[in-house]
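Hi,

Here is the structure I said I would pass on to you. Have a look at it first, and then read on for what turned up.

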Amino acid sequence: MKKRILSGIQPSGRLHIGNWFGAMRQHVQLQDEGHDCFYFVANYHALTSTQDREKLADSTLHIVMGYLALGIDPARSTLFLQSDVPQVAELAWFLNCVCPMGLLERATSYKDKVAKGLMSNVGLFDYPVLQAADIAAYDANLVPVGADQKQHLEITRDLVGKLNQAYGGAMLVEPAPYIVDAVAVVPGLDGQKMSKSYDNTIEIFATPKATAKRVAQIVTDSTPLEDAKDPATCNVFALLKLFATADEAAEIGDSYRRGGYGYGHAKKRLGELINDAFAPARERYALLESDPGNVRDVLRDGGRKARAVAEATLARVRDAAGILTHR
Ligand code: ADP
Ligand code: TRP
């Protein structure tokens, strides 16, 4: 059955292979399966943790061009900026007013971010409510995200239920998360979760040379080249498995166990595989960069479509809540 899919990515830096396997690959797949997909750049969410104007604007366009280069087709999917749909911030207010403080106090991402040194502000605390509004504004059925977003989806379902209950109707659609467990967490250069905030990423849109250099920095143990190695505990192998065919991964695993195969060999192969996998997308990205008018048109169209859906949702909610408008 055709479903309304929705997901967003924060423009907080350069796209990396964790974003691809954890999120964007599923976004493209769902589009290709014929679902009605809405994808957006969560620039209001990014405002909770940055005040750098250039960087925010720059990463916003980077994510849009990344989506287009990686296979999101604006003729089939609605691609837009969060900031082009003010109804979302409006819906967040309605949700704020049915959201118990305790629900947000229990959210782990706020505590984690503050512990990591981000400025504590009300926006950061309220982040999950804005995310719930993103989802509910478009009547989304299914939300493809990485495993780290599970709690935000639970909060969304909770808030949708509370708003519907408060006004005695089904104004908002209850969404389900879509989390692909097989690639739940992509490890970074140091073996921790790959994340911009740990500076351990391999970027999707880097040059082949920069990619190879990054891959060379993956942390390995000091087992000598001739000795047998355990692929199961190796960061290079964990990434190789994502890019190699099952046959090649099995072969490389055997070479590890046999000995005489060094981490340098594995890294060289991994660099090639990553560069091959993203070569077509990198080419498309370069074309998009040279045609900003085209990107603007895509966003203008996407914003228009997204606003129409969100406005219909808000009309239901305002009416149910007794909020009068005269526009
Ligand atoms: P980062 O951790 O680099 O700041 P984001 O939080 O912006 O990345 O993540 C954007 C999307 O990519 C989210 O849906 C998230 O779940 C997914 N994602 C990010 N890093 C990984 C990873 N290492 N493994 C799997 N999915 C990831
Ligand atoms: N919080 C998400 C992340 O950090 C980004 C996001 C914002 C999102 N709004 C959303 C994801 C709505 C899915 C649906 O990755």
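To start you off: does D199 count as buried or exposed? D199 counts as exposed, because its relative accessibility is 58% and the cut-off for that class is over 50%. Before you go further, keep in mind that this is a predicted model.

D199 is worth a second look for its backbone too. You'll find D199 in the loop between β5 (176–178) and α9 (208–216), and its phi is near 50 degrees, a positive value in a residue other than glycine. For background, most residues other than glycine have a negative phi. D139 is another case: its phi is positive, at about 55 degrees, although D139 is not a glycine. That residue sits in the loop between α7 and β4 (142–144). D139 counts as partly exposed because its relative accessible area is 22%, and that class runs from 20% to 50%.

Now to ligand 2. Which residues are the closest to it? They are H45, Y127, Q131, D134 and Q149, out of 14 residues that surround ligand 2. Three side chains put polar atoms by its nitrogen atoms:

- Y127 has a polar side-chain atom 2.8 Å from a nitrogen atom of ligand 2.
- D134 has a side-chain N or O atom that is also 2.8 Å from a nitrogen atom of the ligand.
- Q149 brings a polar side-chain atom to 3.0 Å from a nitrogen atom of ligand 2.

On its own, ligand 2 has 360 Å² of accessible area, and the protein covers 88% of that. As for where the shell comes from, β1 (4–9) and α7 (122–137) each give at least two residues, with α7 supplying the largest share, four residues. By class, the shell has seven nonpolar residues, six polar and one charged.

Next, the empty spaces. A probe the size of a water molecule, rolled over the atoms, shows where empty space is left. The second largest pocket comes to about 230 Å³. Its lining is made up of L61, M65, L81, D84, L288, E289, P292, V295, R296, L299 and R300. Helices α3 (53–70), α12 (263–289) and α13 each supply at least two of those residues, and α13 gives the most, with five. What does the lining look like by class? It has seven nonpolar residues and four charged ones, but no polar residues.

There are also two cavities of 30 Å³ or more in the structure. The second largest of them has a volume of about 30 Å³, and P74, S77, T78, L79, V298, D301, G302 and K305 line it. Two elements give two or more residues to that lining, β3 (78–81) and α13 (292–321). Here too α13 gives the most, in this case four residues. The lining of this cavity divides into three nonpolar, three polar and two charged residues.

One last stop, back in helix α3, where you'll find H62. Why does H62 count as buried? Its relative accessible area is 1%, and buried means under 20%. The side chain of H62 makes a polar contact of 3.4 Å with the side chain of R14.

That's the tour. Happy looking!

Methods. Residues are numbered from 1 along each chain as its sequence is written. Chains are lettered from A and ligands numbered from 1 in the order in which they are written. This is a predicted model: local features need pLDDT of at least 70, side-chain atom pairs count only at pLDDT 80 or more; totals for chains, interfaces and linings use all residues. Side-chain values use heavy atoms; hydrogens and water are left out. A residue is near a molecule or strand if one of its heavy atoms lies within 4 Å of it. A polar contact is a pair of N or O atoms within 3.5 Å; within protein, one must be able to donate a hydrogen and the other to accept it, and residues adjacent in sequence count only if both atoms are side-chain atoms. Accessible areas come from the Shrake-Rupley method with a 1.4 Å probe; for residues, only the protein chains shown count as cover. Ala, Val, Leu, Ile, Met, Phe, Trp, Tyr, Cys and Pro count as nonpolar, Asp, Glu, Lys and Arg as charged, and the others, Gly among them, as polar. On a 1 Å grid over the protein atoms alone, a cavity is a set of points where a 1.4 Å probe fits but cannot get out, and a pocket is an open set with protein on both sides within 12 Å along at least five of seven lines; lining residues have an atom within 4 Å of a point. Grid points are joined across faces, edges and corners, and a volume is the space filled by probe spheres set on the points. Buried means under 20% relative accessible area, exposed over 50%, partly exposed in between (1.4 Å probe, protein chains only).
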